[in-house]
Structures are given as C-alpha cells and as structure tokens.
Amino acid sequence: MTGTTDSSDLVRALQRSRVIDLGQPFHAEMPQPAGLPRFSLVTVRRHGDVTRAEGYSAAHDLLITLNHAGTHIDAIGHVSAHGRLHGDVSADEVQRGTGGLAGFGIQALAPIVRRCVLADVAGFLEVDRLEPAFGIGGDLLQASLQAQGSYLERGDVLLVRTGWGAMWEEPDRYLGQGRGLPGVDADGAEWIAAQGVSATGADCLMYERFDPSVNALPVHLRLVQGAAIPLIENLDLEELATTGAPAFTIVVLPLPLVGGTGSQVRPIALL
C-alpha cells in the first residue's frame, strides 16, 4: 500500500512539473567538430518501396554520426593523459582496435536523475553571450549561483550558460572560427571538482574555454580523466535561463552503447 501511495505521489508531482528540453536539434548542417565524420540521416526505404497486406508500408532511415556530435555526454574513457585513463588505467589495455573500449565505455554510465543547478554566467554578467575564448573561473561560477539564490550539493549536476546555445543554427559563429570558444577554464575546473558534482554541462561545442592558438584542453583532463566527471556539451539553456529556478531535476539518459566513448542525449529539466 505504501508503495502504491508513493508511486501516485510521484506521478502527480511529474504531472505538475514544467518540462524544458535542454537538447539541440540534430541535423546535417548543425555545428560539428571539424575533421571528423559528419552527422547524416539517410532514408534507405521509402513509403511504397515495400507494401504489405492492407496497404501497410513503412519508411526506414540510416543514421551515421560521431558520438560527440550534437547534444551528447562524454564517457570517462573519452579522455586520456599520457596514455592513461582515469585511475591510472592504461588506454592501450582498454582500447580494442576499432571495436570500442573494453572499460570506461558509455554503457557504464547510469541514467542521470539528479538535483541540478544552472550557473547563468552570461545572465550574471548582463550580456547576451560571452566573448570568444572567455574563461569562467571558480569565483565567477560561485558568484553566478549566489546571485540567483542557488547552491551546489555533492552529487548535483552543474550546468553553465555562456549564451552561445542561441547561435546553434549559425554554425560559423557557434564554432568560433578561429576566435575561440568561451567556457570553464582550469581554475573553474578545480572549483567544480572540489564541489563533488556528478556531471556538468554547457551550451558550447567543447564545454571548456578554447583558445585556437593553444593546443590544450585542460578542463577535459581535470574533470573527465582526473575526477571522472562526465561532460555534457551542446546544450540549449536559453529557455531554462528565463525561469530563474534556483534548482530543478535533470534527466539525462545515455544510450547503452557498449564500448562507446560517448552518446547523444536529449536531456530534460523538470521544474
């Protein structure tokens, strides 16, 4: 009886919740990492190609995509430092040629249903979007949260808004094209790791500040390889930012791709 009551309460709470989609639309012209296979959805069977009894017909698509294209989450096995994965595990021992990872694959990441807070850095600084290569340090993250009455608890998910998500349908601008990308910098990564978050994400291509003149991704190294904190990239945080919610529930469901270095996701916020 207790279980039934609890279940009913949960259903009623969900029915009263506002659902905000945090994922960007997937299509062939969306911003994507350079030099890697591009997203492609091809219709391989059209309506009418095969017809069954009572006129039944069905269309089918073939999807080709990099696991790190569009809104996605990184597996812990995505990043290594000097040939070592998280926990000083040898990347050579985990890699299986072209067959995926034997450890730290995305299938090992459980569904995320967590308390979440948004650090609206662009909103805090009163700008539409941050400048290219703008670095977000720990003090700025803390100040952004405090300004909206938010706080982090261990195990929470932290989202960071730069304002760049609004340019998703303008790939040249979104990609930075030689100017760089805003995001969390090395100081911000240390602050995030110290908070004990379970995951973090942002509305940019690479999550972290990127300077095209410097061939380094220190935040990925610190958070993914060092602290085993998965990163969610290419989020749409524009509608969420308008709510001013100090905290909410986030749901992120990676596909259980055995050996995968990441997975596309469609995260939602429940307010």
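Here are some short exercises with worked solutions on the structure above, which is a predicted model.

**Exercise 1. Which residues of helix α7 are buried, and where do they sit around the axis?**

Step 1: Find the helix. α7 runs over residues 218-226.

Step 2: Pick out its buried residues. They are V219, H220, L223, V224 and Q225.

Step 3: Look down the axis. These residues cover an arc of only 165°, so they lie on the same side of α7.

Step 4: Link that to helix geometry. An α-helix has 3.6 residues a turn, so residues three or four places apart point the same way.

Step 5: See what covers them. The cover includes the strands β4 (72-74), β5 (84-85), β10 (183-184), β11 (199-202) and β12 (231-233), along with helix α6 (186-195).

Step 6: Step off the end of the helix. Just after α7, A228 has a positive phi of about 60°.

**Exercise 2. Is G137 buried or exposed, and which residues does it touch?**

Step 1: Place G137 first. You'll find it in the loop between β8 (135-136) and α4 (138-147).

Step 2: Check its accessibility. The relative accessible area of G137 is 12%, and buried means under 20%, so G137 is buried.

Step 3: List its contacts. Leaving out residues up to four places away in sequence, G137 touches D185, D187 and G188.

Step 4: Now try V44. G137 and V44 are 93 residues apart in sequence, and their C-alpha atoms are 47 Å apart in space.

**Exercise 3. Which residues make the nonpolar surface patch of about 320 Å²?**

Step 1: Name the members. The patch is made by V42, V44, L62 and I64.

Step 2: Match them to elements. Strands β2 (40-45) and β3 (60-64) are the ones that give two or more residues to the patch.

Step 3: Zoom in on V42. This residue is found in strand β2, and with a relative accessible area of 37% V42 is partly exposed.

**Exercise 4. How are the rings of W168 and Y174 arranged?**

Step 1: Start with the count. The structure holds 2 aromatic pairs, and W168 with Y174 is one of them.

Step 2: Know what to look for. A pair of aromatic rings is described by the distance of the centres and the angle of the planes.

Step 3: Use both values. The ring centres of W168 and Y174 are 5.1 Å apart and the planes stand at 85°; angles over 60 count as edge-to-face, so that's what this pair is.

Step 4: Check the surroundings. W168 is buried at 2% relative accessible area, and Y174 is buried too, at 0%.

**Exercise 5. Which parts of the chain do the salt bridges E239–R18 and D21–R266 link?**

Step 1: Get the total. The whole structure has 11 salt bridges.

Step 2: Take E239 and R18. Their side chains meet at 2.9 Å, N to O. E239 is in helix α8 (residues 238-243) and R18 in the loop between α1 (2-16) and β1 (19-21), so many as 221 residues apart. Both E239 and R18 are partly exposed, each with 38% relative accessibility.

Step 3: Take D21 and R266. Their side chains meet at 2.7 Å, N to O. D21 lies in strand β1 and R266 in the loop between β14 (262-264) and β15 (268-270), so this pair ties together parts that are 245 residues apart in sequence. D21 is partly exposed at 29%, while R266 is exposed at 63%.

Conventions: Residues numbered from 1 in each chain as written. Predicted model: local features only at pLDDT ≥ 70, side-chain atom pairs only at ≥ 80, totals over all residues. Heavy atoms only, no water. Helix = DSSP H or I, 4+ residues; strand = E, 2+ residues; numbered from the N terminus. Buried < 20%, exposed > 50% of the residue type's maximum accessible area, 1.4 Å probe, protein only. Contact = heavy atoms within 4.5 Å. Arc of directions from axis to C-beta. Patch = residues over 30% accessible without salt bridge, like charges linked within 9 Å, V, L, I, M, F, W, Y side chains within 5 Å. Areas by Shrake-Rupley, 256 points an atom, 1.4 Å probe, with all protein chains shown as cover. Salt bridge = Lys/Arg side-chain N within 4 Å of Asp/Glu carboxyl O. Phe/Tyr/Trp six-rings, centres within 6.5 Å; stacked < 30°, edge-to-face > 60°.
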